[in-house]
Amino acid sequence: NSSVQISPTGTLVLRHFNLSGVYTCSIVYKLTAMQPDKNLVIKYLIYAYSDPKNYYEFTARYHAAPCNSSHNTSFEKALLQILRKLVAELSCEVTLIKSECHHVKMQRGGLQNEIFFTFSVASSDKHNRLHQQSACDASHGLNKAKHLIETFFNQQVEVRRKSSESLPEIYYIEGTLQMVWVNHCYPGYGRNARVHPNCPECCVVCSPGSYNPSNGIHCLRCDSSLIYGATKC
């Protein structure tokens, strides 16, 4: 079928599938026209895998207007738009994971309002499909995006230091930007260096007896799971 190809040199190529398991290949051949047919049966244990999905997750805090103020909502939209434009040329996309406004007690300033932002920046899935971008290219683009984002937040501090005007109502709190590298597998896939020592970084489809319901790294044990690529127990 369309997922199986045989090359001119006899190489069997399987693609676009996730049905891991034992595959049987039956070959009938003869060395010369005068000899009887010979039969050869080869069994392969084949695992489907996918490349891991990598991204940076970053958090930042802003001094804010009162938590029920519409100014905070408007600022959130504007900030997300700026960050997306910042990395667009790198074929990366920024996603807002969550934003929370809290009353924070200061040592010498009483209570103040702060917004806690959590974003992710990842290679665009659309770009990967169109250009078959390699993991190396994606990683390089993400590192550039990380540098641009760090520079953006540092520049906010520098501009504020040089300005003689009073602080605006909403502003970035210096030193609160944190960025961490996250890698994970798609649901139904997971890493296992012991079972697959030749490719410890590969996200291999979960075998029967295991599952991965989310974007975690490992397949979790589940005795009632009887299929490959299970996403629930």
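Biologist: In this predicted model, which backbone oxygen does the side chain of H63 reach, and at what distance?

Modeller: The side chain of H63 makes its approach to a backbone oxygen at 3.1 Å. H63 itself is found in strand β6. The residue that supplies this oxygen is E169.

Biologist: Is H63 buried or exposed?

Modeller: Residues under 20% relative accessible area are classed as buried. The relative accessibility of H63 is 18%, so H63 counts as buried.

Biologist: Beyond its neighbours within four places in sequence, which residues are in contact with H63?

Modeller: E169, whose backbone oxygen is reached by the H63 side chain, is one of them. With neighbours within four places set aside, the full list of contacts is Q112, N113, E169, I170, Y171 and I173.

Biologist: Which residues touch the most other members of the largest nonpolar core?

Modeller: This core comprises 25 residues. At least two of them come from each of β6 (53-63), α1 (70-87), β7 (92-106), β8 (110-123) and α3 (135-162). The residues touching the most other members are F58, L83, V121 and F153.

Biologist: Which element gives the largest share of this core, and how many residues is that?

Modeller: Several elements each supply at least two residues, including β6 and α1. The largest share comes from α3, with six residues.

Biologist: With which residues is F153 in contact, leaving aside neighbours within four places in sequence?

Modeller: F153 is among the core residues that touch the most other members, as are F58 and L83. Both F58 and L83 also appear among the contacts of F153. The complete set is F58, A60, Y62, L83, Y172 and L177.

Biologist: How many residues make up the other core, which lies apart from the largest one?

Modeller: Among the members of this other core are A48, C185, Y189 and V205. The number of residues in that core is five.

Biologist: Which parts of the structure does the salt bridge between E174 and R161 tie together?

Modeller: The side chains of E174 and R161 meet at 2.5 Å, N to O. E174 is partly exposed at 45% relative accessible area, while R161 counts as exposed at 54%. Because the two residues lie in separate elements, the pair ties together parts 13 residues apart in sequence: the loop between β9 (171-172) and β10 (178-184), and helix α3.

Biologist: Which residues are joined into one network by salt bridges that share partners?

Modeller: The whole structure holds seven salt bridges. One of these pairs is E174 with R161. The network formed through shared partners consists of E158, R161 and E174.

Biologist: Are D223 and R221, which meet in a salt bridge, buried or exposed?

Modeller: Their closest approach is 3.1 Å, N to O. A residue over 50% relative accessible area is classed as exposed. D223 has a value of 60% and R221 one of 70%, so D223 is exposed and R221 likewise counts as exposed.

Biologist: How far apart are the C-alpha centres of domain 2 and domain 3?

Modeller: Domain 2 is made of residues 55-125 + 133-173, and domain 3 of residues 183-232. Their C-alpha centres are separated by 34 Å.

Biologist: What does UniProt list for residues 185-233, and how far apart are the end C-alpha atoms of that span?

Modeller: The unreviewed UniProt entry lists these residues as "domain: Zona-pellucida-binding protein 1/2 C-terminal". In the model the span is 0% helix and 18% strand. Its end C-alpha atoms are separated by 17 Å.

Methods
Residues numbered from 1 in each chain as written. Predicted model: local features only at pLDDT ≥ 70, side-chain atom pairs only at ≥ 80, totals over all residues. Heavy atoms only, no water. Core = buried A, V, L, I, M, F, W, Y, C linked by side-chain atoms within 4.5 Å. Buried < 20%, exposed > 50% of the residue type's maximum accessible area, 1.4 Å probe, protein only. Helix = DSSP H or I, 4+ residues; strand = E, 2+ residues; numbered from the N terminus. Contact = heavy atoms within 4.5 Å. Salt bridge = Lys/Arg side-chain N within 4 Å of Asp/Glu carboxyl O. Domains from an automatic or database assignment. UniProt positions renumbered as here; feature names shortened; annotations may be inferred. Polar contact = N/O pair within 3.5 Å; in protein donor to acceptor, adjacent residues only side chain to side chain.
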